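Open the model in your viewer and keep the sequence panel visible. The stops below are meant to be selected one after another.

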Amino acid sequence: MKEDIVESLKGIVGEDWVIDSEELVKSYLEDETAPGPKPQPVYDVVVVKPANAQEVSEILKLANREKIPVYVRGGATGLVGGCVPMKSGIVLSMERMKEIEVDRENLMAVVGAGVTLGELLQAAEKADLFFPAHPGDEGAQVGGLIACNAGGARAVKTGVMRNYVTGIEVVLPTGEILNIGGKLVKDNISAGKLMHLFIGTEGILGVITKAVIRLFPRFKATATMIVPFNDRHSALNTVPKILQRGIIPLGLEYVERGPIETSAKYLGLEWPCKEGEAFLIIILAEFNEEALYGELEEISSICQENGSLEPLLAETSKEQETILKIRSEIYTALKPDMYDILDVCVPPAYIGKLLDEIDKIAEKYGVVMPVYGHAGDGNVHAHIMLEEGWTREQYEKLREEVYKAAIKLGGVITGEHGIGEIRKKDLHLNLSEEEIELLRKLKKTLDPNSILNPGKVIP
Ligand SMILES: Cc1cc2nc3c(=O)[nH]c(=O)nc-3n(C[C@H](O)[C@H](O)[C@H](O)COP(=O)(O)OP(=O)(O)OC[C@H]3O[C@@H](n4cnc5c(N)ncnc54)[C@H](O)[C@@H]3O)c2cc1C
């Protein structure tokens, strides 16, 4: 990186917030993408840590003048190489944007893009409120969660990230600062027409610097129920029956004994269910105990009708957190032996059919594919594990078969992780050439010099 550019960046954010030594830059180059498709980053980058939207704006104006690529980096927990720099340029780390202002009256928080999920959860709790979403890794930042429209284990009742955002401050690639939306639950002007362009587009259209996030009153009665089944079919066939009965849990997860025990062992914990091979983890949250126990009874009887074994109930918050922790860390525990993690998504009632198809594919290739996922959303994490002697082509073929099986059922190749760097070659499986061209036009309109997250998402 040219010396004068580094000096200009120091002039914008201050000397302490620019890193250009190769040794220190190293820890800003990767994310959590699985070993197989993990992209190789470029080392010739300068890391810049702006404090606010104004500084981001000045950095982007400079980048436009000099045609320098800028890669936005949140918590780097992404699983598709979205924040990984592929060309020499600037890594824009959002870590300093930490303000949190909880507005109890309106049940909202105004949050800097660099606030982590863990910090948001704590701030809400401190104000006796609750932020329901839980996309796995609590190190993810609000800006990254919004950019990826993250989902996670608690998205059935209250939705994915998009459903919580009522306003954003966003800096366009050309440097203009927009304040879209606000503390409004209904807004068919700015939020309705503009805001959602920046949610889920993975940082290719703008840098999110602040957001207004909806919080919930604390659910007074919560419980997590683990329901064991002897087989996958009975467990998954039960999911639509629970939802169709009008019970909408906060989260409805599916796990199998192998992966969940691996995760528990990795954490030095114990999976509490001794019986069964396939499990539903049902997270319930209500405002009074009567409603909660009513739901628990009804779910138990639906599960029993569908062949469940004896459910296990966790009522204390510590027990419930432990179960969520074991569930959330499956990916990390399996990662060393994994080629790739997929997050295909199908209409919720077809999740059983999708898993049957995945089984057939695994059998055809003579491999074991651990699966688990957000069953209430139809979002499945199927893992391609490392196989001795396999070539990249073999892994790619297997992955494409899983994608095609999901698409055949009306699904998409990614329900939450996004496209980023590693899945852009597969975007055409879901989007037509006209749709991809429309994305290109949008990108060109907002980012004429293609400086922001260049080459990401759009093939
Ligand atoms: C153990 C584990 C479990 C996970 N579980 C889930 C899960 O259940 N559900 C789920 O959805 N995801 C999950 N993820 C993936 C990941 O946490 C999410 O994709 C998350 O949204 C990434 O946020 P981040 O701040 O880490 O973003 P990064 O990885 O830093 O970046 C991701 C993308 O967002 C862009 N970006 C980041 N910040 C901004 C910003 N301020 N403005 C504009 N663009 C920005 C980046 O350029 C990049 O393209 C999991 C990851 C791990 C490691």
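Where does Asn 453 lie? Select Asn 453: this residue is in the segment after H14. Helices (H or I, at least four residues) and strands (E, at least two) are DSSP runs, numbered from the N terminus. This is a predicted model, in which local features need pLDDT of at least 70 and side-chain atom pairs count only at pLDDT 80 or more, while totals for chains, interfaces and linings use all residues. Residues are numbered from 1 along each chain as its sequence is written, and side-chain values use heavy atoms, with hydrogens and water left out.

**The segment after H14**

Stay on Asn 453. Its phi is near 40°, a positive value in a residue other than glycine. Most residues other than glycine have a negative phi. Asn 453 counts as buried because its relative accessibility is 3%; buried means under 20% relative accessible area, exposed over 50%, and partly exposed in between (1.4 Å probe, protein chains only).

Now select Ser 450, also in the segment after helix H14 (433-446). Phi of Ser 450 is positive as well, near 45°. With a relative accessible area of 34%, Ser 450 is partly exposed.

**Helix H3**

Next, select residues 53-66, which make up helix H3. The helix has 14 residues and reaches 20 Å from its first C-alpha to its last, close to the 20 Å expected at 1.5 Å a residue; the expected span is 1.5 Å times one less than the number of residues. Add Asn 52, which caps the N-terminal end of H3 with a side-chain oxygen 3.2 Å from the backbone nitrogen of Gln 54. At the other side, H3 is followed by Lys 67, whose phi is positive, near 55°. Buried residues in H3 include Ala 53, Val 56, Ile 59 and Leu 60.

**Thr 209**

Two of those helix residues, Ala 53 and Val 56, are among the residues that Thr 209 touches; contact means heavy atoms within 4.5 Å. Thr 209 lies in strand S10 (residues 207-214) and is buried, with a relative accessible area of 2%. Show the side chains of Thr 209 and Glu 169, which are joined by a polar contact of 2.6 Å. A polar contact is a pair of N or O atoms within 3.5 Å; within protein, one must be able to donate a hydrogen and the other to accept it, and residues adjacent in sequence count only if both atoms are side-chain atoms.

**The core and its rings**

Which residues have the most contacts inside the largest nonpolar core? They are Phe 131, Ile 213 and Leu 280, in a core of 91 residues. A nonpolar core is a set of buried Ala, Val, Leu, Ile, Met, Phe, Trp, Tyr and Cys residues joined through side-chain atoms within 4.5 Å. Its largest share, seven residues, comes from helix H12 (residues 351-365).

Select Phe 131 with Phe 130, Tyr 164, Phe 216, Phe 219 and Phe 287 to see one aromatic cluster. Rings of Phe, Tyr and Trp (its six-membered ring) pair if their centres lie within 6.5 Å; planes under 30 degrees apart count as stacked, over 60 as edge-to-face and the rest as tilted. The whole structure holds nine aromatic pairs. Phe 216 and Phe 219 are stacked, because their ring centres are 6.4 Å apart and their planes are at 25°. Phe 219 is buried, at 8% relative accessibility.

Terms used
Lists of a residue's contacts leave out its neighbours within four places in sequence.
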